[in-house]
Amino acid sequence: MYDVVALGELLIDFTANGTSEQGNGLFEANPGGAPCNVLSMLTRLGRHTAFVGKVGEDIFGRLLKATIEEVGIDSAGLVLDASANTTLAFVQNAPDGDREFSFYRDPGADELLCPEELPLEMLGQTRIFHFGSLSLTREPSRSATRAAVEAARAGGALVSFDPNLRASLWKSLDTAKEQMLWGCSVCGLLKIAEEELEFLTGCKEIGEGAAQLREQFPNIQLLLVTRGKQGSIAFWKELMVSQPTYLQIKAVDTTGAGDTFCGCCLHFVLEYGLEQLNEERLTGMLRFANAAASLITTKKGAIRSMPELDAVRRLMEEA
């Protein structure tokens, strides 16, 4: 029934956007959350997607529900909780577009998703199930995530995982590492940032870190490493393929770039399957994903800012 179902956080990114006449800082309320960012890009590419998670039954939760429905993501798995507040994140951008987060989430509604609230039928009818680490930060969402992974795997889904480290949201980095390694142990596709690879393996050299993870977790069939302005690398079977990014793009806000990249790669996996990849297809996948990730950095926010297919193709042709 679905191409991709994702579980995790759905929140408001309040992104700094200038100052008022009185000199006060202004923040734009951008719908976000890594799993739904991934789904938004996939939906833009014509894929049938659904989200599983929880928001508060408040003005922000209702805004988020309306937003994902507007972009075409199935919201049947979204729970609105009157007893909890929707998670908020305030984003401050550096001149190069990089960002710093301040989260209001102790707890946020997304952390309170319970196993009994999972849409098991939906989870059993998807080709890919995607999740990140933020739903593993505490109970009951940690147990809900594990149950969702089991249900999706039982239905034959490929599991995709993004560690997406946000250190301030964990009680300890040891717990973060433990939970992220669990995610690595159950996924067939791992998308990981260069600094997260070093965090999990202790290896500064990407090839060494990738080899260590793949040896420790032979279930990982495709390992994707994002490197910001340095591009990205794919490890598949004996192949290692790297592609540069599009440096002619002036970044405004890098929020969602990794999620956009991930969505594009999942799109290619849906198109060809993991077993039918080769060097040419991996190169095309990385070029396309890098282009889309570059384009989203020219706008603030993520869910409503995903690039159009024609724009991605134009950037690739111009490069």
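How many cavities of 30 Å³ or more does the count come to? The count comes to 1, and you will meet this cavity in the second view below. Please keep in mind throughout that this is a predicted model.

**View 1. Strand 9 and its two parallel neighbours, strand 8 and strand 10.** Let us start with strand 9, which covers residues 158-162. Because 5 of its 5 residues are buried, strand 9 is largely enclosed by the rest of the structure. Its side chains point in two directions: Leu158, Ser160 and Asp162 go one way, while Val159 and Phe161 go the other way. Strand 8 (residues 126-132) runs parallel to strand 9 and is joined to it by 5 bridges. To find your place in this pairing, look for Gly132, which stands opposite Asp162 of strand 9. Between these two strands the chain passes through helix 4 (residues 141-154), making a β-α-β crossover that is right-handed. Strand 10 (residues 189-193) also runs parallel to strand 9, with 2 bridges between them. Here a handy landmark is Phe161, whose bridge partner in strand 10 is Leu190. A right-handed β-α-β unit is made by strand 9, helix 5 (residues 173-186) and strand 10.

**View 2. The largest cavity, with a volume of about 30 Å³.** Now for the enclosed space promised at the start. Its lining is made up of Glu9, Ala34, Pro35, Val38, His130, Gly132, Asp162, Asn164 and Asp259. Two elements, helix 1 (34-44) and strand 8, each give two or more residues to this lining. Helix 1 gives the most, with 3 residues. Sorted by class, the lining of the largest cavity holds 3 nonpolar, 3 polar and 3 charged residues. You may recognise two of the names from the first view: Gly132 and Asp162, which stand opposite each other in the strand pairing, are both among the lining residues of the largest cavity.

**View 3. The second largest pocket, with about 200 Å³ of space.** Around this pocket you will find Phe103, Tyr104, Arg105, Asp106 and Glu111, and also Thr137, Arg138, Ser168, Leu169, Trp170 and Lys171. By class, the lining of the second largest pocket divides into 4 nonpolar, 2 polar and 5 charged residues. Keep an eye on Tyr104, one of these lining residues, as Tyr104 also belongs to the aromatic cluster in the next view.

**View 4. An aromatic cluster of Phe14, Phe27, Phe60, Phe90 and Tyr104.** Across the whole structure, a search finds 10 aromatic pairs. One of them joins Phe14 and Phe60 in an edge-to-face arrangement, with 5.7 Å centre to centre and 90° between the planes. This pair links distant parts of the chain, as Phe14 sits in strand 2 (residues 11-19) and Phe60 in helix 2 (residues 59-71), 46 residues apart. Is Phe14 buried or exposed? Phe14 has 12% relative accessibility, so it counts as buried. Phe60, at 23% relative accessibility, counts as partly exposed. Phe14 also forms a stacked pair with Phe90, 4.9 Å centre to centre and with 15° between the planes. Here too, distant parts of the chain are linked: Phe14 lies in strand 2 and Phe90 in strand 6 (residues 88-93), 76 residues apart. Phe90 is partly exposed, with a relative accessible area of 27%.

Conventions: Residues numbered from 1 in each chain as written. Predicted model: local features only at pLDDT ≥ 70, side-chain atom pairs only at ≥ 80, totals over all residues. Heavy atoms only, no water. Buried < 20%, exposed > 50% of the residue type's maximum accessible area, 1.4 Å probe, protein only. Helix = DSSP H or I, 4+ residues; strand = E, 2+ residues; numbered from the N terminus. Pairing = 2+ DSSP bridges. Right-handed = clockwise from strand over helix to strand, strands pointing away. 1 Å grid on protein atoms, 1.4 Å probe; cavity = no way out; pocket = protein on both sides within 12 Å on 5 of 7 lines; lining within 4 Å. Points joined across faces, edges and corners; volume = space filled by probe spheres on them. Nonpolar A, V, L, I, M, F, W, Y, C, P; charged D, E, K, R; others polar. Phe/Tyr/Trp six-rings, centres within 6.5 Å; stacked < 30°, edge-to-face > 60°.
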